Amino acid sequence: MIRLPDFATHYYLRETGPFRSLSELPAGSEDPVFQDILTRHQRDPGYRRRYGRNYIGVRREVEARLRELFVARGGKPRRDHPFYLVLGESPWFRDLNANQGELRIPLSELDPEVTSLTYPDSFIALTRDDKPYYNQVFLLNEVSRLVTRFGIPANDHEIPYERYWETDFELYIEVQLWATPPNFKA
């Protein structure tokens, strides 16, 4: 029997703090913040995340579709761009950066009206169509059925970040939070 996680984890860089969105950068891909992280891996060996130059533009398109699908399912987002978490935890995501922080939020504290899920990461789920869970947004009350039907990816400790694009990138179930998280003080 699959054990259903009862929390979601938000990973973030400690120096910037939690619950930030690259999609909200005013200058998009030309923003100095994005330009800095675009090449950070070249100067910081503990930073393993990589972005393409057009990442923010594509991310915004994916988020617009994600939001549209969530609203069609009855969601009531309070933000244009979500904050990202994973269902349970992900060693792969946690270890992307040496200075990674994490916050766990019990699923019981998430508001179903502003919480959606994709299987797997939304970037993959909404840009491909070769699996039955792609191009879908799931609701918080569907977590149990989703996990029962498709399982929880358990291979994230096996995929090195440097070569993840050569895989199906099914490493975790992504949780999107379309409002400021509960009990969070900015």
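This is a short talk about the pockets, one helix and the salt bridges of the structure above.

Hi everyone, and thanks for coming. Before we start, please keep in mind that this is a predicted model.

Let's begin with the open spaces. How much space lies in the largest pocket? About 1100 Å³. Its lining is made up of 47 residues, and if you want to find the centre on your screen, look for Leu22, Arg49, Tyr51, Tyr55 and Phe93, which lie nearest to it. Several elements each give two or more residues to this lining: the strands β1 (7–13) and β2, together with the helices α1 (32–43), α2, α3 (91–94) and α4 (122–125). Which of them gives the largest share? That is β1, with five residues. As for the chemistry, the lining of this largest pocket has 27 nonpolar residues, 10 polar ones and 10 charged ones.

Now to the second largest pocket. Its volume is about 270 Å³. Here 14 residues form the lining, and those nearest the centre are Leu87, Gly88, Glu89, Ile152 and Pro153. Sorting the lining of this second pocket by type gives 10 nonpolar residues, one polar and three charged.

Next, a helix that is nice to look at: α5, residues 143–150. Which of its residues are buried? They are Val143, Leu146 and Val147. If you look down the axis of α5, these buried residues fall within an arc of 90°, so they line one face of the helix. And what covers them? The cover includes β2, β4 and β5 (138–139). Turn to the face of α5 that points away from the buried side, and you meet the exposed residues Arg145, Thr148 and Arg149. Just after the helix comes Gly151, which has a positive phi of about 80°.

Arg145 brings us to the last topic, charged pairs. As a reminder, side chains of opposite charge can pair when their charged atoms come close. How many salt bridges does the structure hold? There are 13. I'll show you a few of them.

Let's stay with Arg145 for a moment. Arg145 pairs with Glu142, and their closest N and O atoms are 3.9 Å apart. The two partners sit in contrasting surroundings: Arg145 is exposed, at 55% relative accessibility, while Glu142 is buried, at 13%.

Now find Glu113 and Lys76. They form a salt bridge too, with 3.6 Å between the closest N and O atoms. Why is this one worth a look? Glu113 lies in the loop between β3 (100–106) and β4 (115–118), and Lys76 in the loop between α2 (55–72) and β2 (83–87), so the pair ties together parts that are 37 residues apart in sequence. Glu113 is partly exposed, with a relative accessible area of 36%, and Lys76 is also partly exposed, at 47%.

Another pair is Arg104 with Glu102, where the closest N and O atoms are 3.7 Å apart. Arg104 counts as partly exposed, at 45% relative accessibility, and Glu102 is partly exposed as well, at 32%.

Finally, salt bridges can also join up. Here Glu15, Arg40 and Asp44 are linked in a network.

So, if you'd like a tour for yourself, start at Tyr51 by the centre of the largest pocket, go on to the buried Leu146 in α5, and end at the bridge between Glu113 and Lys76. Thanks for listening!

Conventions: Residues are numbered from 1 along each chain as its sequence is written. This is a predicted model: local features need pLDDT of at least 70, side-chain atom pairs count only at pLDDT 80 or more; totals for chains, interfaces and linings use all residues. Side-chain values use heavy atoms; hydrogens and water are left out. A salt bridge is a side-chain nitrogen of Lys or Arg within 4 Å of a carboxyl oxygen of Asp or Glu. Helices (H or I, at least four residues) and strands (E, at least two) are DSSP runs, numbered from the N terminus. Buried means under 20% relative accessible area, exposed over 50%, partly exposed in between (1.4 Å probe, protein chains only). On a 1 Å grid over the protein atoms alone, a cavity is a set of points where a 1.4 Å probe fits but cannot get out, and a pocket is an open set with protein on both sides within 12 Å along at least five of seven lines; lining residues have an atom within 4 Å of a point. Grid points are joined across faces, edges and corners, and a volume is the space filled by probe spheres set on the points. Ala, Val, Leu, Ile, Met, Phe, Trp, Tyr, Cys and Pro count as nonpolar, Asp, Glu, Lys and Arg as charged, and the others, Gly among them, as polar. The arc is that of the directions from the helix axis to the C-beta atoms. Contact means heavy atoms within 4.5 Å.
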